[in-house]
Amino acid sequence: MHVIQIENISKTYGEHFSLRNISFSLEKGKIFSLLGPNGAGKTTLVKLMLNLIHQDAGNILINNTEANNKKSRLGVAFIPEKFNFFPFYTAYGVLEFFGTMKGVQADLLKPQIDSALKMLNIDELRNRKLSKMSKGQIQRVGLASILIGDNDLIILDEPFSGLDPIGMRDLKDIIKKLKEDGKTLFINSHILLEMEHLCDEVAILNRGELLFKGPVSEVLAKEKSLDDFFHKLINQDEQGSK
Ligand SMILES: Nc1ncnc2c1ncn2[C@@H]1O[C@H](COP(=O)(O)OP(=O)(O)OP(=O)(O)O)[C@@H](O)[C@H]1O
Ligand SMILES: [Mg+2]
């Protein structure tokens, strides 16, 4: 079953940028990464999937429901590029807020929050306000929220940014565990080495154009690393557009 279907999507911002005729789909239970240089259009595509902005042409289906239908966001968790929240909320308070919004029953919520705080290694920050946390600690609070409620599709925009090596490893373990539980993960990222090891599939976007979408095994059959494949593809594209 396809969790995400992107069909002939185009989106233009003034004269400077456009996503051009993007199509691909993603099956349930996979870890997928959308890769691309700064400004390639990764966050734009995620905003379109979440109906935060609207396409000029094409269709996006999430769980077979059009993205402009709010039912498409049932069971979807999203952490933006720079997670933040009201500074006077504590870590516990943020997760309680998200859980209540997701309709988690009160008696189930506390154990879910306790477990999420432990998995992100921020149990000792549970009563600390965001205003008194470092940026990596705030990022961990945001990431803990994906473990609250029953999320089938988890969309993460640059989730590793700001994390230390321990945080990166914790997050990778969480992503692998979510996959084992049958969840689908859509990750925007720049970190090619990590993505090579973590993902089932990748897509490469450059200047609003999709250059590749396929399994990591296909990439590694062509080149010795995802890093080599990525740079060759982007260089070819840049040469071609000169
Ligand atoms: N609201 C906007 N109005 C005009 N241009 C925009 C707007 N939002 C983004 N852009 C432009 O669209 C392009 C794609 O931006 P986007 O944020 O999707 O890139 P990205 O691939 O997520 O980059 P990064 O890796 O830096 O996060 C960029 O050139 C950006 O300047
Ligand atoms: Mg981005």
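## The shell around ligand 1

Helix α1 gives the most to the shell around ligand 1, contributing 3 residues. This is a predicted model, so let's walk through the site with that in mind. There are 13 residues around ligand 1, and those that come nearest are G39, K42, T43, T44 and E81. By character, the shell divides into 6 polar, 4 nonpolar and 3 charged residues.

## Polar contacts to ligand 1

Several side chains reach oxygen atoms of the ligand. For T44, an N or O atom of the side chain is 2.5 Å from an oxygen atom of ligand 1. For K42, the corresponding distance from a side-chain N or O atom to a ligand oxygen is 2.7 Å. H190 joins in too, with a polar side-chain atom 3.2 Å from an oxygen atom of ligand 1. As for cover, ligand 1 taken alone exposes 640 Å², and the protein buries 61% of that area.

## The magnesium ion

Which residues coordinate the magnesium ion (ligand 2)? They are T43, through OG1, and E81, through OE, at 2.0 to 2.4 Å. This pair links distant parts of the chain, 38 residues apart. T43 sits in helix α1 (residues 42–49), whereas E81 belongs to the loop between β6 (76–79) and α2 (91–101).

Is E81 buried, exposed or partly exposed? E81 counts as partly exposed because its relative accessibility is 37%, and that class lies between the cut-offs of 20% and 50%. T43 and E81 also appear among the residues that come nearest to ligand 1, so both residues connect the two ligand stories: they coordinate the magnesium ion as well.

Technical notes: Residues are numbered from 1 along each chain as its sequence is written. Chains are lettered from A and ligands numbered from 1 in the order in which they are written. This is a predicted model: local features need pLDDT of at least 70, side-chain atom pairs count only at pLDDT 80 or more; totals for chains, interfaces and linings use all residues. Side-chain values use heavy atoms; hydrogens and water are left out. Donors are N, O and S atoms within 2.8 Å of the metal (3.2 Å for Na, K and Ca); water is not among the atoms, so sites may look incomplete. Helices (H or I, at least four residues) and strands (E, at least two) are DSSP runs, numbered from the N terminus. Buried means under 20% relative accessible area, exposed over 50%, partly exposed in between (1.4 Å probe, protein chains only). A residue is near a molecule or strand if one of its heavy atoms lies within 4 Å of it. A polar contact is a pair of N or O atoms within 3.5 Å; within protein, one must be able to donate a hydrogen and the other to accept it, and residues adjacent in sequence count only if both atoms are side-chain atoms. Accessible areas come from the Shrake-Rupley method with a 1.4 Å probe; for residues, only the protein chains shown count as cover. Ala, Val, Leu, Ile, Met, Phe, Trp, Tyr, Cys and Pro count as nonpolar, Asp, Glu, Lys and Arg as charged, and the others, Gly among them, as polar.
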